[in-house]
Amino acid sequence: MNFHVMTLFPELIQGAASQSILGRAENKGIISVEAVNIRDYSTDMKHHHVDDYPYGGGAGMLMQAEPIYRCYEDLTEKIGHRARVVYLTPQGRVFDQQMAREFAEEEDLVFLCGHYEGVDERVIEMIVTDCVSIGDYVLTGGELPSLVMIDAISRMVPGVLSGDSAEIESFHDNLLEYPQYTRPEEFMGRKVPEILLSGHHANIEKWRREKRIERTLEVRPDLLCKANLSKNDLKYLRKLKEEKKKEEENNE
Ligand code: SAM
């Protein structure tokens, strides 16, 4: 899968994408991350400006349509087809694991990183296929959001992760992951749950499933209505809710 990032800060993208799991996936040729500098497409030959004041007044500067459009056209010619273009914006659909899975089906994905007060609306209308936000807060630029997306999407691309680790992680099945432990067996008086040392695989699986349900109920109950729960899961969930209710009554 090829990621193409239109940005004013290409070093930020290349630096982060060349590290760790992403860097290894790129070295193996499973993914590629290319950052294209929008400033190279400025029509201002002297200062390479790419921003200007907003019509109608107001605070800050806006990225101009033309350098972005020229950058996109050049990129499209290199890619050889019109790929999906994601504009990172706090006004977009909020990114989640399901979207990561969906974007991972693409061969090429283009990101447009805004800066300053954002981007001239006309170029968004002309080239953008998806407006995506990484959460309800405002950042200074789209570079970190695009890296967040590239990271999450890459993990869904076959061969990037070893084994089936994406299958057991949080949000798979709309349940959070179970707690995990590694050596030593005891750390500052805290012991690893006995069951994980038992070697009894069926009991370990049952314990892990229950912990996933327990944890999701505790911190992300909104996910449970989308989770695929078996009869046993639902029975366990009812038991947890009853226990919680009793505890709350006792505390009153
Ligand atoms: N004036 C814009 C608004 O109120 O919607 C915010 C502009 S923000 C300071 C500059 C750029 O950062 C945006 O164009 C976008 O690319 C990026 N950005 C900021 N917050 C973001 C978020 N939560 N998700 C995705 N991109 C974000």
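These are my notebook entries on the pockets, the ligand site, the cavity and two backbone details of this structure.

**Entry 1: the model**

I began with the status of the coordinates. This is a predicted model. I kept that in mind for every value below.

**Entry 2: the largest pocket**

I looked up the largest pocket before anything else. About 450 Å³ of space lies in it. I then pulled its lining, which runs to 25 residues. Nearest the centre of the largest pocket are Tyr-87, Leu-88, Thr-89, Pro-90 and Gly-118. Next I asked which elements build this lining. Strand E5, helix H5 (121-127) and strand E7 each give two or more residues to it. E5 supplies the largest share of the lining, five residues. I sorted the lining of the largest pocket by residue type: 13 are nonpolar, ten are polar and two are charged.

**Entry 3: where the ligand sits**

Which space does the ligand take? I checked, and the ligand occupies the largest pocket. In the shell around the ligand, the elements with two or more residues are strand E5 (84-94) and strand E7 (130-133). E5 gives the most to this shell, with five residues. I noted that E5 also gives the largest share of the lining of the largest pocket.

I listed the neighbours next. There are 20 residues around the ligand. Tyr-87, Leu-88, Gln-91, Glu-117 and Tyr-137 come nearest. Tyr-87 and Leu-88 I had already written down among the residues nearest the centre of the largest pocket. By type, the shell around the ligand holds ten nonpolar residues, nine polar residues and one charged residue.

**Entry 4: polar contacts of the ligand**

I went through the backbone contacts one by one. Gly-114 has a polar backbone atom 3.0 Å from an oxygen atom of the ligand. Gly-135 has a backbone N or O atom 3.1 Å from a nitrogen atom of the ligand. For Thr-89, a backbone N or O atom lies 3.3 Å from a ligand nitrogen atom. Thr-89 was also on my list of residues nearest the centre of the largest pocket.

How much of the ligand does the protein bury? Taken alone, the ligand exposes 590 Å². The protein buries 86% of that area.

**Entry 5: the second largest pocket**

I moved on to the second largest pocket. About 280 Å³ of space lies there. Its lining includes Asp-96, Gln-97, Gln-98 and Arg-101. Phe-171, His-172, Asp-173 and Asn-174 are also among the lining residues. I completed the list with Arg-220, Asp-222, Leu-223 and Lys-226.

Helix H4 (97-103) and helix H8 (221-224) each supply at least two residues of this lining. H4 has the largest share, three residues. I then split the lining of the second largest pocket by type. Two residues are nonpolar, four are polar and six are charged.

**Entry 6: the cavity**

I searched for enclosed space as well. The count comes to one cavity of 30 Å³ or more. The volume of the largest cavity is about 30 Å³. Its lining includes Tyr-72, Leu-75, Thr-76 and Ile-79. His-81, Arg-82, Ala-83, Val-85 and Val-110 also line the largest cavity.

Which helix gives the largest share of this lining? I found helix H3 (residues 65-79), with four residues. The lining of the largest cavity divides into six nonpolar residues, two polar residues and one charged residue.

**Entry 7: backbone details**

I ended with the backbone. The peptide bond from Arg-183 to Pro-184 is cis, and its omega is near 10°. I located Pro-184 in the loop between helix H6 (143-154) and strand E8 (186-187).

I also looked up His-48. Its phi is near 55°, a positive value in a residue other than glycine. His-48 is placed in the loop between strand E2 (32-37) and strand E3 (51-52).

Definitions and conventions:
Residues are numbered from 1 along each chain as its sequence is written. This is a predicted model: local features need pLDDT of at least 70, side-chain atom pairs count only at pLDDT 80 or more; totals for chains, interfaces and linings use all residues. Side-chain values use heavy atoms; hydrogens and water are left out. On a 1 Å grid over the protein atoms alone, a cavity is a set of points where a 1.4 Å probe fits but cannot get out, and a pocket is an open set with protein on both sides within 12 Å along at least five of seven lines; lining residues have an atom within 4 Å of a point. Grid points are joined across faces, edges and corners, and a volume is the space filled by probe spheres set on the points. Ala, Val, Leu, Ile, Met, Phe, Trp, Tyr, Cys and Pro count as nonpolar, Asp, Glu, Lys and Arg as charged, and the others, Gly among them, as polar. A residue is near a molecule or strand if one of its heavy atoms lies within 4 Å of it. A polar contact is a pair of N or O atoms within 3.5 Å; within protein, one must be able to donate a hydrogen and the other to accept it, and residues adjacent in sequence count only if both atoms are side-chain atoms. Accessible areas come from the Shrake-Rupley method with a 1.4 Å probe; for residues, only the protein chains shown count as cover. A molecule sits in a cavity or pocket if more than half of its atoms lie within 2 Å of its grid points.
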